[in-house]
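Let's walk through this one together, chain by chain and sheet by sheet. Have the viewer open and follow along.

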Amino acid sequence: MKSALKVTDLQVAIEGSHILQGVTFEVPVGGVTALLGRNGVGKTTTLRAILGLVPRSGAVQVLDHDVIEWPTFKIVRLGVGYVPEDRDVFSALSVEENLRLAESGPDARYNDIYQLFPELKERARQRAGTLSGGQQQMISIARAMLNGWPLLLVDEPSKGLAPRLVSEFADVLERVAQHATVLLVEQNLSVVKRLAKDIVVLDHGTVVHTGSARDLGDAQLVRQLLGVAGVA
Amino acid sequence: MSVFLSITFSGVALGAIYFLAASGLSLIYGLMDILNFAHGLFMTLGAYAGWAVAVHLPSSIGAPGLFALSVVAAVLGGALAAGITEVLFIRPLYGRPVSQILVTIGLDLAVVGLLLGGFGSNSVRIPVPLWLIEATKVGSANLPNVDFLAIALGLAVLFSLEWFLRRTRYGIIIRAGVENRDMVSALGIDVGKAFTLVFVIGGAMAGLAGLLYAVVFSGDLVSPLQGDSLLIFAFIVVVIGGLGSIRGSALAALIVGFVQDYTNLYLGGHSGFAEVGNLSVVLLLALVLEWRPRGLMGSVA
Amino acid sequence: MRAIKGLRRSTIVASVLLLLFAVVPLVGWHVPWVLPGTLDVVNSTGTLEVLALCFMFAGIALGYDVMFGFTGLLSLGPVLYFASGVYVFDIALTRWQWPLFPALALTLVVSFVLALVLGAIALRVDGIAFAMVTLAFAQAFFYLIEDNPHNLTGGDTGLAVSNLRLPSILSGAVANTRSIYWIALAFLVVTYAVVWLVTESVTGHVFVAIRENEARLNVLGIRPFRFKLASYVLSSLIASAGGVVYLLIIGTAVPSAVASTTVTLSVLIMVVLGGAGTRWGAVAGAIIYVYLQQYLLKIAALPSFTTLPAPLRVPLSQPQFLLGALFVLFVIFVPGGIAGLVGRLSTKRAAPSLASRWRDSKVAKAIEK
């Protein structure tokens with residue numbers, strides 16, 4: 001398998017607005033690839049399009065399968081974990097139920113999860129809607145990791161979190177990336193610099209730069225690609 | 001006192017039937033965003049199924065046995081009708097929510113038309129065991145046995161539904177799906193199966209509601225237009241209770257049942273309004289909408 | 001240039017049709033098979049009555065299309081205003097002995113106030129809840145009429161209009177069916193003109209904007225509520241005026257025919273069948289629906305028909321079943337309605353009709369290649 005994920009000429013239009021106008025990039029197996037770009041440029045939409053959550057055209061290859069015609073659940077079952085931008089935990093369900101839903105088989109790695117996030121075990125029966133943002137993010141990441149799947153799509157995991165938590169989650173992602181491929185959307189450049197091996201930059205609905213994470217050391221390039229939105 | 005007791009009791013019985021009719025609607029809307037007009041049809045078909053079974057089976061089974069079979073037939077009939085509807089008519093229209101609503105309207109119209117053709121607007125009578133027609137003396141009030149039946153069945157369904165939603169995997173899937181369908185898919189779960197299941201469960205309860213309504217409030221008579229008139233109240237209960245909430249439906253069903261019965265008792269006959277109960281319910285709806293548009297226990301849509 | 005040419009073409013077609021319809025009462029030809037009345041003569045009372053009903057419903061469907069097709073509001077309660085049109089007019093003429101024009105004025109004023117009040121309440125919620133609320137209100141109105149408060153409405157048995165206050169040209173016998181026919185036609189024409197003006201105006205474009213993307217309007221500082229209410233009130237007034245015409249045609253008001261939800265559903269079907277959001281679609285849908293309904297009833301009464309075996313005869317003798325089934329087929333396979341079909345056939349460019357665009361606004365079609 002050459003690449004964990006391959007996207008070719010991906011196009012998405014929502015309510016008359018042509019958000020993705022032909023996005024093409026590859027995500028090599030293993031490690032973290034960061035998807036970067038200014039606010040509103042279509043990073044989240046790209047992840048959702050890969051999963052088939054928005055109508056799209058083009059070609060999408062996930063773990064060597066052509067999935068453009070597939071329904072979302074089938075794509076996910078290939079082994080794709082998803083950590084959405086707004087966490088999207090089910091607030092009416094308990095922590096335990098949220099995790100149970102994510103189970104795809106008997107090999108769910110609850111031990112690993114509870115080791116990483118002991119709070120989830122303590123609060124197993126608590127309604128997810130009553131948890132703090134950080135705790136909800138734990139659920140969101142935990143359920144993506146639960147099955148040990150080979151590909152993770154992670155959308156701004158540090159958004160709205162205190163710096164200490166950001167660092168903790170970065171640790172977690174680092175661990176995950178040892179055994180899986182991660183496509184990470186992230187505005188926080190320090191996290192990106194720490195975790196990512198490769199980067200893909202979006203602008204105006206297409207890819208404007210692909211390269212290694214070291215390119216982020218070039219301040220001028222960063223300003224050009226990301227404007228002043230790059231958080232150091 | 002005895003008047004108070006019997007009115008309260010019949011109010012609860014009415015509430016039980018409304019709950020049966022409304023909870024399925026509420027779940028279907030909560031999970032699938034569909035205003036299921038065919039729900040009235042499921043109620044009517046359930047009642048007819050109950051009638052058909054009781055009438056065509058040998059009477060040697062005995063009246064209570066036949067009635068029990070009627071109940072089973074009503075539940076199965078409603079479930080079957082709902083299942084067929086979902087698979088044949090709702091699924092092909094996935095992604096077209098307005099079309100889904102319209103198709104349920106068309107189905108309702110077409111099949112009721114068929115029933116009207118077959119039965120005319122005449123009613124058929126469901127055979128019921130004697131004790132159902134009788135009443136039991138509680139204190140100084142005579143409480144109709146049918147009301148006991150309705151309340152018992154309503155409670156049984158409420159508890160079963162709660163158990164299902166809380167203790168089974170599909171129940172959890174449905175609860176999650178009502179909140180966020182996309183995310184459920186993004187966890188690798190085929191929500192389509194949950195759709196069919198929800199329709200079938202809703203249909204089963206609707207069938208039961210239709211049969212009970214005929215027996216409790218319609219003198220054991222079943223007619224083609226019955227389900228649709230009950231449907232209106234089911235809609236009102238769903239909106240007042242909050243779309244997608246079972247507990248909201250239960251609470252709202254009780255309230256609506258009470259309001260209807262009490263206003264009929266205390267205000268009926270005034271200024272020529274024979275059915276002021278119905279009007280009061282609509283007024284209640286208007287009030288709830290002004291004060292709390294998302295219903296008593298609804299989440300923001 | 002082509003747009004103007006197209007406009008002229010459709011205007012010509014419409015004018016020709018209008019002319020044809022206008023002269024129908026003067027044509028005494030015998031035409032077998034096709035006509036819905038009992039006599040197969042073009043200007044027989046039966047035929048004229050059916051056609052008048054067609055025009056009346058066409059106007060009502062048009063009004064409904066403004067709210068449903070253009071503004072995107074699925075109301076399940078238009079029958080309320082239709083019924084209020086019928087009954088207020090009837091009560092004023094028959095119970096209170098008012099002269100014609102004051103009765104008419106009262107009817108419109110009452111309907112206007114009702115629409116304003118009920119619309120303001122119903123529009124507090126959106127989408128599905130709005131549909132349910134409008135349904136509930138309409139049903140309440142049905143109960144109200146059936147209750148026969150103060151013996152005004154005649155309850156179940158209905159209220160026949162008294163001829164005392166109607167000018168002789170409108171009441172009674174055969175020759176006057178002609179006048180009523182022309183009034184119904186005039187109602188349709190006037191309604192069409194009004195709807196055309198409104199939907200082509202800025203207000204009309206706001207309606208469409210509400211349907212397509214209400215959130216964006218809020219951002220632009222336009223408050224959709226006012227426009228939705230306007231759309232609702234206009235639609236309701238048209239329905240009430242239609243009710244007045246109905247009373248002139250039929251002469252009696254009976255709750256099961258005038259105030260029941262079946263009327264709402266029929267109007268909805270007419271609009272969807274014809275093609276929502278296209279104006280002429282609603283008209284075509286209504287005319288075809290009403291015509292078919294009467295025609296099917298006529299066929300079902302034929303002696304040769306009654307000899308069919310029951311499993312065939314029963315479904316085929318129920319217009320409600322046939323039309324409902326037709327509706328289901330259209331919703332699944334022809335969502336743009338007749339207008340959508342015609343649009344697809346006649347224009348080379350595959351522009352989705354407003355109707356199908358609205359229905360399938362999940363955007364799969366919006367992906368530009």
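What follows starts with the overall build of chain A, moves through its sheets and helices, and ends with chains B and C.

Keep in mind from the start that this is a predicted model. Chain A is a good place to begin. Its secondary structure adds up to nine helices and 10 strands. The radius of gyration is 17 Å, close to the 17 Å that the globule rule gives for 232 residues, so chain A is as compact as a globular protein of that length. If you lay the C-alpha trace along its principal axes, chain A spans about 45 × 40 × 35 Å. Of its 232 residues, 45% count as buried. Looking at contacts in chain A between residues at least 6 apart in sequence, 69% of them join residues at least 24 apart.

Now split the chain up. Chain A divides into domain 1, made of 3-79 + 150-229, and domain 2, which covers 88-148. Their centres, taken over C-alpha atoms, are 23 Å apart. Where the two meet, nine residues of domain 1 of chain A are in contact with eight residues of domain 2 of chain A. On the domain 1 side, helix 7 (residues 163-176) of chain A brings the largest share, four residues. Sorted by class, that side of domain 1 has seven nonpolar, one polar and one charged residues.

On to the sheets. One is an open sheet of six strands in chain A, with the order 6-7-8-3-9-10 and mixed pairing. Strand 6 (80-83) and strand 10 (206-212) of chain A each have a single partner strand, so they stand at the edges with one side lacking a neighbour in the sheet. From one strand to the next, the twist averages 15 degrees.

Start at the strand 6 end. Strand 6 of chain A pairs with strand 7 (residues 151-155) of chain A in the parallel sense, over four bridges. If you want a spot to zoom in on, Tyr82(A) has Leu153(A) as its bridge partner in strand 7 of chain A.

Then move inward to strand 3 of chain A. Six of the seven residues of this strand (residues 31-37) are buried, so strand 3 is largely enclosed by the rest of the structure. What does it pair with? Five bridges tie strand 3 of chain A to strand 8 (residues 181-185) of chain A, and the two run parallel. Another five bridges join strand 3 of chain A to strand 9 (residues 198-203) of chain A, again in parallel. Leu35(A) is a handy residue to click on here: its bridge partner in strand 8 of chain A is Val185(A), and its partner in strand 9 of chain A is Val200(A).

Chain A also has an open sheet of four strands, in the order 2-1-4-5, with antiparallel pairing. Strand 2 (17-28) and strand 5 (65-66) of chain A have one partner strand each, so they sit at the edges with one side left without a neighbour in the sheet. Strand 4 (residues 57-62) of chain A is joined to strand 5 of chain A by two bridges in the antiparallel sense, with Val62(A) bridging to His65(A). Helix 1 of chain A packs on this sheet, touching strand 1 (3-14), strand 2 and strand 4 of chain A, and its direction makes about 110 degrees with that of strand 1 of chain A.

Helix 1 has business with the six-stranded sheet too. This helix (residues 43-50) of chain A lies across strand 3, strand 7, strand 8 and strand 9 of chain A, and runs at about 150 degrees to strand 7 of chain A.

Next, have a look at helix 3 (residues 95-102) of chain A. Six of its eight residues are buried, so helix 3 is largely enclosed by the rest of the structure. Those buried residues are Val95(A), Glu97(A), Asn98(A), Leu99(A), Leu101(A) and Ala102(A). What do they pack against? Helix 5 (118-122) and helix 6 (133-145) of chain A, together with helix 7 (169-179) of chain B.

That brings us to the other chains. 40 residues of chain B are in contact with 39 residues of chain C. On the chain B side, helix 4 (97-119), helix 10 (226-241) and helix 12 (276-291) of chain B each supply at least two residues. Helix 4 of chain B gives the most, with 15 residues. That side of chain B divides into 28 nonpolar, nine polar and three charged residues. As for chain C, it has 16 helices and two strands, and buried residues make up 47% of its 369 residues.

Technical notes. Residues numbered from 1 in each chain as written. Chains lettered and ligands numbered in written order. Predicted model: local features only at pLDDT ≥ 70, side-chain atom pairs only at ≥ 80, totals over all residues. Buried ≥ 20, exposed ≤ 12 C-beta atoms within 10 Å, placed from the backbone. Contact = placed C-beta atoms within 7 Å. Pairing = 2+ DSSP bridges. Axes fitted to C-alpha atoms, helices over the stretch in contact; angles between N-to-C directions. Nonpolar A, V, L, I, M, F, W, Y, C, P; charged D, E, K, R; others polar. Rg over C-alpha atoms; globule rule 2.2 N^0.38 Å. Domains from an automatic or database assignment.
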